[in-house]
Every structure is written in C-alpha cells, then in structure tokens.
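This report describes how side chains meet within one protein chain. Please keep the sequence and the structure in view while reading.

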Amino acid sequence: MQSPYRFSPTRPRDYVLLALVAIGVALRLWQYLANTSLWVDEVFVTTSILDRPMRQLLTVPLAYGQVAPKGFLVMERLFSTALGPGDLVLRLFPMLCSLGGLVCFAFLVRMLLDGIGAPVALALFATAPPLVAYSTQVKQYSSDVAVAVLLLLLAADLSMPKISFRRSWIAGAIGAVAVWFSQPAVLVVGASVCSLALVGWLRRSQDGLRGLLVLAPASGLWSISTLLSLTVSLATMSAHTYNFMHQYWAGAFMPGPPWHLFEILRWPWRELNSLFGHGEMASLGYPFTRIFLLLAACGFWILWRRVGPRATLLFFPILATLFAAMVHQYPFADRLILFLVPVFLVAYAASVDWLYQKTVTRSRYLGWCVGLVLLAPALFPIAAAPPPYRIDDIKPVMAHLEQNWHPGDVVYVFHGALPAFGFYSQDYGFREDQYTLGGCHRGRNFLYREELDAFRGRPRVWVVITHAFPSYHERDDIFTYLDTIGVRRDYFAVLSRGDPGHPSAEAALYDLSDPIRLRNASAQSLPLVGSSSVEARFACGDAPPVIVPPREY
C-alpha cells in the first residue's frame, strides 16, 4: 500500500491535491498581507503577550478575561520578542498553524478517502471563509483546527495494521507537544484514544494483544500531556473569567433537563446549522445547509462501511464535544467548534464521492455534473466574498483622522473602539489628552448623548465608533442625535467583512457650533431606537471604560 505521505507523480489526483493546497496557501497569504487591524479580542490577548514577562504570562490569568493555550502564548511571545510587536509578526504563528493544518488535512483525506472524495474535501477546507479569516487572527482558533487535524492524522496512521512501537512513540511525542497549543485538544485526544482502543480490540483476532499494546505509548503520552495541560489551564484561569465564559456561552450548552428530548435534539442541529450556514462569526455561509448536514451524516455511515471502525476517529470527537457541552464544560457553538469543521468536510466529501461513483457508471457526464452540483454551493461563499476579511478595521480610520486633524479638534471614542484606539494611538500620534473616553451605556443610549453634550459649541468634533452591536442601535442613536444638533463635515468608514455582528469602523466629523441646531433637541427629547433590554452577557454593568495602553516598540 502506498504511503499517504509520499507524492506520486503517476497519480493525477496528487497533482490536484497539490494545486488545492496552493490555492489554500494563496488565500491565506492574501488575508495575511492585507494587514488588517487587530479587533478587540485580539487586542486584549496581545496586551498580555507584549506587556508581561514569560513567567507571568504562563502563571497568571490573562488580562481582560481572556483565555488561550500556553503553547500559543509562548510562541506569540517568542515571535514578538525576536521580530518585534508588529501586527504581521503577531499574526505569523496563527498563519503558520493554518498552513500546517492545510497540509495535514491533505494527508488525512488522502489516507481516508477514495476517488474524488479527497479533492472535494480539500477544496472545501482550503476555501472555507472562516478558516481563511481565522488564519491571521491573534487568537487560538487556527491552532485549534491545526492541532485537531494533526491529532486525527496521527490517530488515522496509528489505526493502520502492523504499526511499530517506534511509530507509536513518535506519534505520542508529537501529539503530546501539540495539545499545549489547543484547548479543545482534550476532546480530540479523548475521542482518539477511545477510537484507537476500539480499533485495536476489534483487530485482536488478527494482531493479538500486540495490536493494543503498540497503541499504549501514543495513547499514554497524549493522555498524560493533555491532563497536565488541562490542569495548568484551569489553575491559571480566574474564577471571574470562568464564570463570565459560562455566562457568555450559556446558550451553547445543553438546554433544559435530559428528559426534554426534543429540545436536546434541536440544540446541536441548531448550532450546526448556524456554523455551516449564516449567523455567527465562524459561519461558513453554505447555502442549503440542511442538505450539507444530511449528506455529511450519510458520509459517516459510508466511511464506516469503507474503513470500518476507523471511521470513529471522525465521529467520536463530535460525540465528545456534545458530551462536554451537556455537562456544561465546553460550549458547542460558533468558533469554539471550528475544530470540528474538518471532520464534517471529510464526511460530506465521502457522500459526494459515493454519489459520483453511483452515477458515473451510468454516464460519465452525469457523474461529473452530480459532483459539481454538490461542490459548487460550498465554494460559493469564497467566490461571493473573497479575502481580505475585516473586523473592526480601525487602522485606516485612525490614518484618516491623523491626515485630517486640525489644531483644536476633539475626539470622542465610543466605548467599543477604546481598546483598539488606545492600542494603536501611539502609531498615529494620539496622546491620551487628545481624546475623550466614552462609557458603556448599552440599553441606556441616552447616556451616550449626554456624554456628547459636553462638546456643544465646538466646531470640530470627531466621533470614532467600532464594535457597536447592530441589535442595540448604539451608533444609530448617536449619529441621529449628532445629525440633529450639528452638521456632518466628514465621514470615513471601513466595512467589516466576515462578521455580521460588527458592521464597520467609522469616524465622523461634526460641527456643533450652530446655536439654532443645538436647540433642535436634547439628549432626552429625541426618541431612541435602541432597546432598553440587554442580554446579560452584553450588559455593561458599572465597570469603567476599558482602557488599553498604547503598543510600544
């Protein structure tokens, strides 16, 4: 049997796989070289990475309620120390993780899928918009995907017959290091160990006891390292962060008691529809999402019939994640289950290949038509909205502000823009005394207007807004009020792409010196659009504005 790790110049399929890897690399480089701004969550993580010594970074809870794998933090710190704290440096390690995950996925599908299945799965992985978008975010999601794929590849290799103890030790050592770069790796490791044990037990008639013993080095090293990583992560997470994460992701845990069977069955279906359809940050944007999920479900059965119990390597991680969500230990939603996307893509590709094989025997053209019809909708999102993807891209806004700045100008920075504005302030020459910090008043939008009343009579007032949630209409109530009491002299915006929850980064210049217009309305008299009801996870509370210190070079 040909090694799945060796390129074969006599197999046309290998050339197709190489071309698809090249496309995936190009898309990720396109996103990386766009050098978009760090958005608020990235800024929060980056602040700890840049401002803390290594020991404190690894032993003290991260600032601003953030969590990240220790290996990820170590590599980010090493890169920024060696190459500087620039955005492209900070995004280099996530980028390398994404590229490594792409290559590992090519090997995985080459090992598990026949026919057109491998090219179909790799095409979907290479072009999936969230996998491209998260490849350059200073967050652990690209390493989550890369580690999951690497562990699946190692487990698939170990599930082959007649493996050696040397190979098991090598796989164990690689996996033991990899788990420190991903938090959901604990779920993948637990699922993989169970799957390998099942494969070894079912093969005992062929391999005897050796089939189980040879898996012990890899399984043991993975388990020990994972438990150690999990212990360290929990020990360095504050109780406040732990409670906040549970509150923020409350909707991603199993709803209701176990006897509410209908709600329990609807819950994962709803979250998977959101992940592969539209609605969340990590959504793939596939049309016909239900058809995709049904074909993926069929694909798991097809893989079971084709490769036997080795198919559990793909299915068990889903079960492990669902179980963790049922006991409220890991959310089953959005970007936190992005690491499961590869297994669904493999299963879907298995169904596509099965349908292709069934139809191509009748008509070659019919077979290709079936394959293209099933592949095209999944490629539509990247064609309709190619990179670069932007979230709260404030750097062009601040550059516009710098270029159009006049002596005596004042700046009001919306609370959602404060972390990024403060982080980049030194890059664009803004001192702390040159801008006013806006408070968080979500659900009480009239308070934003009262803050702006302090600028009545000023001829040049800049308002900078990012990270304003559309559902609460904060920016709408702010701009409606300013358009009523003043005159807009300038406006600049960069639309966010890749996240419907963050529409744009924008700056507007207002003249608030006309006494006639100033009498048109007050903060209380003009009707509000925003609701006074706020989800608990988005409530502001009584905390002061979040101020992030400027990045220093």
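## A network of charged side chains

In this predicted model, salt bridges connect D87, K395, D427 and R551 into a network. A salt bridge is counted when a side-chain nitrogen of Lys or Arg lies within 4 Å of a carboxyl oxygen of Asp or Glu. One link of the network is the salt bridge between R551 and D87, with N and O 2.6 Å apart. The two partners belong to distant parts of the chain, with their positions 464 residues apart: D87 is in helix α5 (residues 87-90), whereas R551 is in the segment after α25 (515-518). Helices (H or I, at least four residues) and strands (E, at least two) are DSSP runs, numbered from the N terminus.

Are the two partners buried or exposed? R551 is buried, at a relative accessible area of 4%, and D87 is buried as well, at 5%. Here buried means under 20% relative accessible area, exposed means over 50%, and partly exposed lies in between (1.4 Å probe, protein chains only).

## Basis of the values

The model is predicted, so local features need pLDDT of at least 70 and side-chain atom pairs count only at pLDDT 80 or more, while totals for chains, interfaces and linings use all residues. Residues are numbered from 1 along each chain as its sequence is written, and side-chain values use heavy atoms, with hydrogens and water left out.

## Other salt bridges

How many salt bridges does a search of the whole structure find? The search finds 21. Among them is the pair of R390 and D393, whose closest N and O atoms are 2.5 Å apart. R390 is partly exposed, with a relative accessible area of 22%, whereas D393 is buried at 2%.

A further salt bridge joins R456 to D453, with 2.9 Å between the closest N and O atoms. R456 is partly exposed at 29% relative accessibility, and D453 is partly exposed at 24%.

## The covered helix α21

Helix α21 (residues 394-403) is mostly covered, for seven of its 10 residues are buried. K395, a member of the salt-bridge network, is one of these buried residues. The others are I394, V397, M398, A399, H400 and L401.

Which elements cover the buried residues of α21? The covering elements include the helices α5 and α22 (418-424), together with the strands β1 (410-413), β3 (461-465), β4 (487-495) and β5 (504-511). Helix α5 also holds D87, the partner of R551.

## Aromatic rings

A search of the whole structure finds 29 aromatic pairs. In one of them, the ring centres of Y286 and F292 are 5.1 Å apart and the planes stand at 65°, so this pair is edge-to-face. Rings of Phe, Tyr and Trp (its six-membered ring) pair if their centres lie within 6.5 Å; planes under 30 degrees apart count as stacked, over 60 as edge-to-face and the rest as tilted. Y286 is buried at 2% relative accessibility, and F292 is buried at 4%. Both rings belong to a cluster in which ring pairs link F276, Y286, F292, F300, F315, F344 and Y348.

The rings of F421 and Y435 are also edge-to-face, because their planes are at 70°, with centres 4.8 Å apart. F421 lies in helix α22 and Y435 in strand β2 (residues 435-437), so the pair ties together parts that are 14 residues apart in sequence. Both F421 and Y435 are buried.

## Charges over rings

Two arginines are placed over aromatic rings. The charged end of R488 sits over the ring of F479, at 5.0 Å from the ring centre, and R537 lies over the face of Y248, at 4.8 Å. A charge sits over a ring if NZ of Lys or CZ of Arg is within 6 Å of the ring centre and within 35 degrees of the ring normal.

## Cysteines

The search of the whole structure finds one disulfide, a term that denotes a pair of cysteine sulfur atoms within 2.5 Å. The bond joins C440 to C540, with 1.8 Å from S to S, and at -50° about the S-S bond the link is left-handed. C440 lies in the loop between β2 and α23 (446-452) and C540 in the segment after α25, so the disulfide ties together parts that are 100 residues apart in sequence. C440 is partly exposed, at 22%, whereas C540 is buried, at 18%.

Why does C104 not bond with C97? C97 holds the cysteine sulfur closest to that of C104, but the distance of 10 Å is too far for a bond. C104 itself is buried, at 16% relative accessibility.

Key
Contact = heavy atoms within 4.5 Å.
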